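I opened the notebook to record what I looked up in this structure. The entries go from the whole chain to single residues.

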Amino acid sequence: MTEGREELSEMKEYSTLNSGSNLEKLLAKGEFVVTGELGPPKSVDPEKLDEKIKALRGAVDAVNITDNQTAIVRISSIGTGVYALKAGLEPVIQMTCRDRNRLAIQADIMGASLHGLKNLLCLSGDHQVFGNHPQAKHVYDMDSIQLIKMISDMCDKGIFQCGEEIKNNKKSDVKAPKYFIGGAANPFVEPFEWRVNRLEKKIAAGVDFIQTQCIYDMDIFSRWMEQVVARGLHKKVKILAGVTPIRSFGMAKYMKNSVAGVIVPDPLLKRIADAEDPKAEGLAVCSEQIRAFRNMEGVAGVHIMAIEWEKAVRGIVDNAGLLPRPAV
Ligand SMILES: Cc1cc2nc3c(=O)[nH]c(=O)nc-3n(C[C@H](O)[C@H](O)[C@H](O)COP(=O)(O)OP(=O)(O)OC[C@H]3O[C@@H](n4cnc5c(N)ncnc54)[C@H](O)[C@@H]3O)c2cc1C
């Protein structure tokens, strides 16, 4: 921890604004940003992808494109990101440590940069035993903090992870990729008091923005944010609070009992159970949470992970009073 704190005092002040990312520009302007999640389909039929893109266009400022989420194989995040960029969205590509070693990650993120992608979320990744190829060999050549550091060094110092300079053959300045670098945080894993330390390490490694695990327990999240603010970390990184709308009582129970690192408090479970229309209630909860985040010190925006329910996002954002989205 001491090591992290020393590094923190030397780290760059937010924000460098050199990635060209619209998400970065909006956050720098002090806008309360809205990002949404798009899960790539499990086939190359563009129709489903087009529907998801249509649902999110204009409803959010940027769209996170998952990387084989829940360890189930899908169209790649970068491939979908290029497609979404051409369709007028601002993609946030996601990269897990599960499927690639440092050679493949560096190659892929340079390739993505060449195609104009500017935001990157660095993750450990769900373990493959939970997915549809449980016998796959995982990689985990590095963890999420090392991944953030590697990307940050490529972007800011212009070096590969091995220390070699990223050069071109001409006098042009275009050499290293430029990314607005994100990471995840989960305030809901015990011991709670240690979670903010992990955030601090990600900041020291060079992360620019954070998207949290989905929040249902507002008390625990508020306490985590209090620690973040007390340490001044909200001035070093932009924190987007994660929400996932509940569609049914069954889903609420599943999130509570079967998803590691997610806490669903009993009163919320009861509210969904007692609701005449659980789906509408779940959407209402989501918009209420977003309104609460807008008044919470240190929260710079919201990340809506409407799992396979991208169509719900516009209504949630509207009910939270956040439409239309601001121009860059
Ligand atoms: C916004 C968001 C988007 C996500 N998108 C995806 C996605 O697209 N694809 C996907 O597969 N998953 C995705 N996930 C799931 C996520 O990768 C897993 O929940 C993972 O367990 C946490 O990832 P992280 O990067 O936040 O974790 P980390 O901060 O890296 O922590 C993961 C946990 O493992 C521990 N840990 C980390 N590294 C090590 C190590 N080297 N040795 C021992 N313990 C270690 C940490 O202490 C922590 O408890 C997403 C999660 C979030 C919050």
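The entries below cover the overall shape, some strands, and a few residues.

**Entry 1: the chain as a whole**

I noted at the start that this is a predicted model. I looked up the secondary structure and found 12 helices and eight strands in the protein chain. I then checked the extent of the C-alpha trace, which spans about 65 × 50 × 45 Å along its principal axes.

I asked how the radius of gyration stands against that of a compact globule with 328 residues. The globule would have a value near 20 Å and the protein chain has 19 Å, so the two agree.

I looked up burial next: 51% of the 328 residues are buried. I put the accessible surface at about 15300 Å², and carbon and sulfur atoms account for 51% of that area. For contacts between residues at least 6 apart in sequence, I found that 80% join residues at least 24 apart. I also went through the charges: there are 43 positive and 42 negative side chains, with the centres of the two sets 3 Å apart.

**Entry 2: strand E1**

I turned to strand E1, residues 33–38. How many of its six residues are buried? Six of the six are, so E1 is largely enclosed by the rest of the structure.

I wanted the two faces separately. In a regular strand, side chains alternate between the two faces of the sheet. On one side of E1 I listed Val33, Thr35 and Glu37, and on the other Val34, Gly36 and Leu38; all are buried, and both faces are thus covered. I marked Glu37 in particular as one of the buried residues.

I then looked for the strands that pair with E1. Strand E8, residues 299–304, runs parallel to E1 and is joined to it by four bridges. In that pairing I found Gly36 opposite Ile304 of E8. Strand E2, residues 62–65, also pairs with E1 in the parallel sense, over four bridges. There, Leu38 stands opposite Ile65 of E2.

**Entry 3: Thr80**

I followed Leu38 and Ile65 to a residue that touches them both. Thr80 lies in helix H4, and outside its neighbours within four places in sequence it is in contact with Leu38, Pro40, Leu49, Ile65 and Ile75. Is Thr80 buried or exposed? Thr80 has a relative accessible area of 1%, which is under the 20% cut-off, so I entered it as buried.

**Entry 4: strands E5 and E6, and Cys214**

I looked up strand E6 and found five of its six residues buried, so E6 is also largely enclosed by the rest of the structure. E5 and E6 run parallel and are joined by four bridges. The bridge partner of Ala185 in E6 is Thr212.

I then took Cys214, which belongs to strand E6, residues 209–214. Cys214 is buried, at 4% relative accessible area. Which residues does Cys214 contact, leaving aside neighbours within four places in sequence? I listed Phe188, Gly242, Val243, Thr244, Met255, Val262 and Met305. I also noted the separation of Cys214 and Ile239: they are 25 residues apart along the chain, and their C-alpha atoms are 13 Å apart.

**Entry 5: backbone exceptions**

Most residues other than glycine have a negative phi, and most peptide bonds are trans. I searched for departures from both.

For peptide bonds, I recorded a cis bond joining Glu190 and Pro191, with omega about -5°. Pro191 is in the loop between strand E5 (180–185) and helix H7 (192–205). I recorded another cis bond from Leu323 to Pro324, with omega near -5°. Pro324 lies in the segment after helix H12 (313–319).

For phi, I found Ala71 with a positive value near 60°. Ala71 sits in the loop between E2 and helix H4 (77–86), and it counts as buried at 10% relative accessibility. I also found Tyr140 with a positive phi near 45°. Tyr140 is in the loop between strand E4 (119–123) and helix H6 (144–157). Its relative accessible area is 28%, so I entered Tyr140 as partly exposed.

How values were computed
Residues are numbered from 1 along each chain as its sequence is written. This is a predicted model: local features need pLDDT of at least 70, side-chain atom pairs count only at pLDDT 80 or more; totals for chains, interfaces and linings use all residues. Side-chain values use heavy atoms; hydrogens and water are left out. Helices (H or I, at least four residues) and strands (E, at least two) are DSSP runs, numbered from the N terminus. The radius of gyration is taken over C-alpha atoms; the globule rule is 2.2 Å times the number of residues to the power 0.38. Buried means under 20% relative accessible area, exposed over 50%, partly exposed in between (1.4 Å probe, protein chains only). Contact means heavy atoms within 4.5 Å. Accessible areas come from the Shrake-Rupley method with a 1.4 Å probe; for residues, only the protein chains shown count as cover. Lys and Arg count as positive and Asp and Glu as negative; His and the chain ends are not counted. The place of a charge is taken as NZ of Lys, CZ of Arg, CG of Asp or CD of Glu. Two strands pair if DSSP finds at least two bridges between them.
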